[in-house]
Structure formats: structure tokens, C-alpha cells
Amino acid sequence: MIRTRFAPSPTGFLHVGGLRTALYNYLFAQHSNGKFLLRIEDTDQKRRVEGAEESLLNTLKLVGLDYDEGPYKEGPHAPYIQSQRTDIYRKYAQELIEKEVAYPCFCTTERLEEMRNKQQELKQAPMYDRACLKLTKEEIEAKKAANEPFVIRQKIPRGEKLRLNDLIRGIVVFETSTLDDQVLMKSDNFPTYHLANVVDDHLMEISHVIRGEEWLPSTPKHIMLYKALGWEPPQFAHIPLLLNKDKSKLSKRQGDVSVESYLEKGYLVPALINFIALLGWHPGKGEEQEIFTMEELVNKFDLAQVHKAGAIFDTDKLDWFNFQWGKKLHFKELEKIAKEIDPDVKIEENQRKEPVHTFSNADNERMFSQKRGEILLAKCEKHLKPQWTEKPETKAVLLKAIVTIEEKILKNPSEAQAHLECFFNPKDAAKALILNEKMKVDEAVTATALSEGLKALKDFDGWDSINKLQTLLLNLAKELNLKNGQLLWPLRVALSGEEFSPGTFEMLWALGKDESLKRINRSLQKTPREA
RNA sequence: GGUCCCAUCGUCUAGUGGCCCAGGACGCCACCCUCUCACGGUGGAAACACGGGUUCGACUCCCGUUGGGACUGCCA
């Protein structure tokens, strides 16, 4: 039975590196029909952060990493919070002393510090000098009786070779003489990671310990503890680190590392998972697919394909994943509501692989467009000026305008405001902007385009359809013997007042007849006809 | 300093001795589409750290060098 665990320390928000560790544990367990457990490692009273545990649990839930056993869930090995298991660790610490693979140490922090400084100066490896190992039973009892605080240290044998077969790194050999006598129990009677982790992983029947590479150097100590207690060690898989741009271990100081903050910024859960999964793992076999659902990841995941080298956490690619997933999810949602509105709707893909919805009547199409606006609005509402969404008349325009900038919202919702500005705060079109040499738009062309455009639009009654507006103006351009751009550019700039904006047909449609004619008219007044 | 880990385009990576004068993706650049921006399409620049072996043949195996990283806490 495969059993894995994620064992975070509740000292803050869930870190993206932690998310990846959790994800690999989850994927591996799911892939092999095993169990994934969550255990809270809160043995350091000093680093306790209020609310961190809740936030951790909450984020894990948000990203869909549900655990089979863990806090607030029934499980055969409860409790899953280490601070509630201290009796267990004390018992095993005692057992280790009795087996003489651990010993009490009364050295003060000051003495240890002094010792290390000296060793550093002599360019020696800082290691505990085993002063307390020489204590007799009587001396130990006397110190205990005098209430001297003490820790329990692991007694590492000297001159032995320890082989570890890591699932990712292969065989790693350690010389035990280079290993320090690790503290197992602190003077506050709480265990350190090293003891608690070994005891719990054994008791909770963890088969595979999948954890960050930073643990590799202490793994031989852990293996010795398993052996000393007569236990079979689990399999180890040390996954590579996530790195800052300068290749150091990913840290808060060099950018955003909390999963919550990425979620808050609007990154989609499947995009984040997709991105993180591929940082240090690849399905291999020449696979060129990049977009994977959680289900596909579970199917394809394999520890043998996890890399050895660290990966830089570079969010450029995350932005791309987010855009891909944004489109995918959005189009799926549109399909659903289109079918709800009109069971006979025809959905075809255009050349860009975007869905085109053809409805059986104009009412359905209108309703769909409105719904589409509402969906898009929900994606960017928090970035918009509230006055646009509050007034009914501006809201109607907004729901249309927002559809015209769909791909921009999908790409980056926080920029929606800037793209929508031209619908609500029209700037007078600067003459210099309308005239465009490259497009062959001079003053005469502008005057013709605006006045003829205005004339045609005045009597037009197809304002509810972008397609009809398009047909009208394209035909007009032909009649006037103008290139499309010569007619459409002046009109678009007259409508938006901007160099960049949604297209002419889209703007006309969203703005509606009255406002459109007003804007074109105003530009026309200001643009002198050629003499 | 010591111990351990690692090393293919700027980044994420494919590659398990001949399929590779190295493939994909992001980013970048150019062109196309086009009423602008964007979207989309096509193309381009861009990497096996170095030196020795082993082999008929090395990105792939071995050794060394160099470089990077982690650990070296009564933190995890």
C-alpha cells in the first residue's frame, strides 16, 4: 500500500515550493491508488503563527489537494498534529536512551556557540564535541535533580558508511563520522523535526517520503533512527529545489512565493497546478503536450521522471498557462450557457479554434451576449470603477463593451479598466491621430469617411448585430472607392478618441446608435472640410 | 571550511550510446492576417560548462576540472 504525506510547518502561508511537494505526494499516491496524508509539524513553539494552520488547510482545499487522513478527518493514526503527540515522542526518546543511541546533553546555548566559533576559526566543521557523552549516570542524575535544562542528542556511530537508495538520486553514501550528534528532544520537552518525523512516518505507515532536497543531508540520521528503533525505513525521494532567479533556494525576499497571493492575483487553480507540476517533472516519452488537467497529471505522474536539478520559478510561463486555462474554462462555460439558452444552438470552431455560437433567433443571441458580458464582468469587476456597474444605462453599455475586449480580460483582467475607458470617457479625437499617413488617411479622406459614415449609419437599423454593421460599412467603403482602413480608421478614432481601442464595428455595437452618432458628429464638426 | 547534491537554448524541458550539426514550450525578434492594440498563423535567433577517457560511434557511460546549490540550529 502506497502512503505518502505532506507535512508542513504552520509558520505562515503555503509556499509554492510546499505546494509542489504536496502535489507530487498527492499525484504519486493517487496514481498508485494509495493514500495521501496531511500532518501538521508544529513542534517549534517559538515559530508558531496564529491562523497559519487554518490558512494552510484552506489553501490546500482551494487547490484541490484533498487528503485521505489528517487533521479534522477521521483516521486510524490520529491525531495528525504533532503538538498533540508529544507523549509518543517522549516515549521513543526514552527508548533511544535505553538503547544507548541517544544521550542527554546539558550544554548551554552559550557554550555551544563558543565551541562552534572556535571550530570555525580553526576551519573545522562545526560539530558537537560530545562533552556530555562522558557524563556518568550519577552526574546525569545530579544535574537532573538540580533541574538543569537538557536536550536529548542522537549518538551517531563513528567510522561507518551509510548507504541510502534515493528514488530520484540513486545511491548516496555518507560517512557517519561527518554527521553531527543531532538534537532529538529540545529542552522544552518537544521533539525536533528529526525525531517527530521518523516516529510519525513509521507510526502512520508512510511508504514513501517525498520531500525537498534540503533534507537529503539529514536523511542518514533519520535512517539510523529507524534502524535503532527496529523499524523498516520508508523509501525516500528527494525532489529538486525551486529556485530564485539567481538560483538560490526560492525565498520570500526575492518575490511572491505564497500560493494565496497568486490566487488573489487571479491565477486560476488548474493553471497554477499545471505550471508547478511541470517544474521539476515531465511526462517524458517525447510528450509535447503542455496543458494537463489534474486527472491527466495523476495518470502520467511517475517519480522516475522527476528531475535532479533545481528549477527557477519564473512566472512568465505561468502567465501563459493562465491564459490557456482561462480560455479553455471560459469557452466551456460559454458552451454550457449557450445550450441552456438555446438547445438548438450551433457551435463551431473558427480558424483560431475559438467557438462561434449560432442561435436560432435574435432574442437568444441577445440573451447570450448579455450573459457573456456578465461572466466577463465577474472576472474583472474588482478592477473596474464602480460607477460603471451601478447605473443601469452605463451597465447596459458595459455588458456589451466588455464582450469586445474578451481576450484582453482573459489575458489580464487587471487591465480591463484601461481598455474600457474609451467607452465611458470619450476623448475628442485629436486631428493628428485621425490623420494617418501609412493608412492613407488625409483630411479629405477623413471628411468623406466621417460624413458618409454618419449618413449611412443614421438610417441604419441593424445596430444589434456586429455582423450587420460590418456588412454595411464594408459595402460603403466599396461604394466610396475607399480602402477599408480609410473608412474605418477615422470612424474608430472618432468613436474612441484613442490610438488603440476595440474595432469600429464593435464600438458602434456597444455604444449604440445615439452615442455613436453623437461622437462621429462631434469629430466631423471639428474636422474642417477641404476647401 | 566540511559533507552531500546538481549541470541541454535567457527560462521550463525532450533526449536512457547511432533516430540529434539536438526536438517542444515560454519569452524575444521578423513576417502574415488586419481599421489600431490584442488574439491567431508562419518563420527566426538561441543550448549539450570544460578536459580527459571507454567505444566503430557519445548530449547520453566513467574520471577529473570548473561552476552552481543545499545542509552544517534546542528551525523545519
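The following paragraphs describe the nonpolar cores, the cysteines and the salt bridges of this structure, which is a predicted model.

The interior is a suitable place to begin. The largest nonpolar core has 53 residues, and Val16 and Leu19 are those with the most contacts inside it. Several elements each supply at least two residues of this core: the helices α1, α2, α8, α9, α10 and α11, together with the strands β2 and β9. Helix α1 gives the largest share, nine residues. Val16 shows how such a core is joined across the sequence. Once neighbours within four places in sequence are left aside, Val16 is in contact with Leu242, Leu250, Val257, Val259, Tyr262, Ile276 and Phe313. Another core, of 51 residues, lies apart from the largest one, and Leu399, Cys422, Leu482 and Leu487 are among its members.

The cysteines come next. A disulfide is a covalent bond between the sulfur atoms of two cysteines. The structure holds zero disulfides. Cys132 is in no disulfide, and the nearest cysteine sulfur, that of Cys107, is 3.5 Å away. Because a disulfide requires sulfur atoms within 2.5 Å, this pair does not count as one. For Cys380, the closest cysteine sulfur is that of Cys422, and the distance of 14 Å is too far for a bond. Both Cys132, with a relative accessible area of 8%, and Cys380, with 0%, are buried.

Charged side chains form a further set of links, for the structure holds 34 salt bridges. In one of these, the side chains of Asp200 and Arg39 meet with N and O 3.7 Å apart. Asp200 belongs to helix α6 and Arg39 to the loop between β2 and α2, so that this pair links parts of the chain 161 residues apart. Where do these two residues lie, buried or exposed? Asp200 is buried, with a relative accessible area of 0%, and Arg39 is buried as well, at 1%.

Two other salt bridges involve partly exposed residues. Glu287 pairs with Lys300, their closest N and O atoms being 3.2 Å apart. Glu287 is in the loop between α9 and α10, while Lys300 is in helix α10. The relative accessible area is 24% for Glu287 and 30% for Lys300, and each counts as partly exposed. Lys431 and Glu443 meet in a salt bridge of 3.1 Å, which links helix α17 to helix α18. Lys431 is partly exposed at 39%, as is Glu443 at 28%. Finally, salt bridges that share partners join Arg5, Arg39, Glu41, Arg85, Asp200 and Asp201 into one network.

Key: Residues are numbered from 1 along each chain as its sequence is written. Chains are lettered from A and ligands numbered from 1 in the order in which they are written. This is a predicted model: local features need pLDDT of at least 70, side-chain atom pairs count only at pLDDT 80 or more; totals for chains, interfaces and linings use all residues. Side-chain values use heavy atoms; hydrogens and water are left out. A nonpolar core is a set of buried Ala, Val, Leu, Ile, Met, Phe, Trp, Tyr and Cys residues joined through side-chain atoms within 4.5 Å. Buried means under 20% relative accessible area, exposed over 50%, partly exposed in between (1.4 Å probe, protein chains only). Helices (H or I, at least four residues) and strands (E, at least two) are DSSP runs, numbered from the N terminus. Contact means heavy atoms within 4.5 Å. A salt bridge is a side-chain nitrogen of Lys or Arg within 4 Å of a carboxyl oxygen of Asp or Glu.
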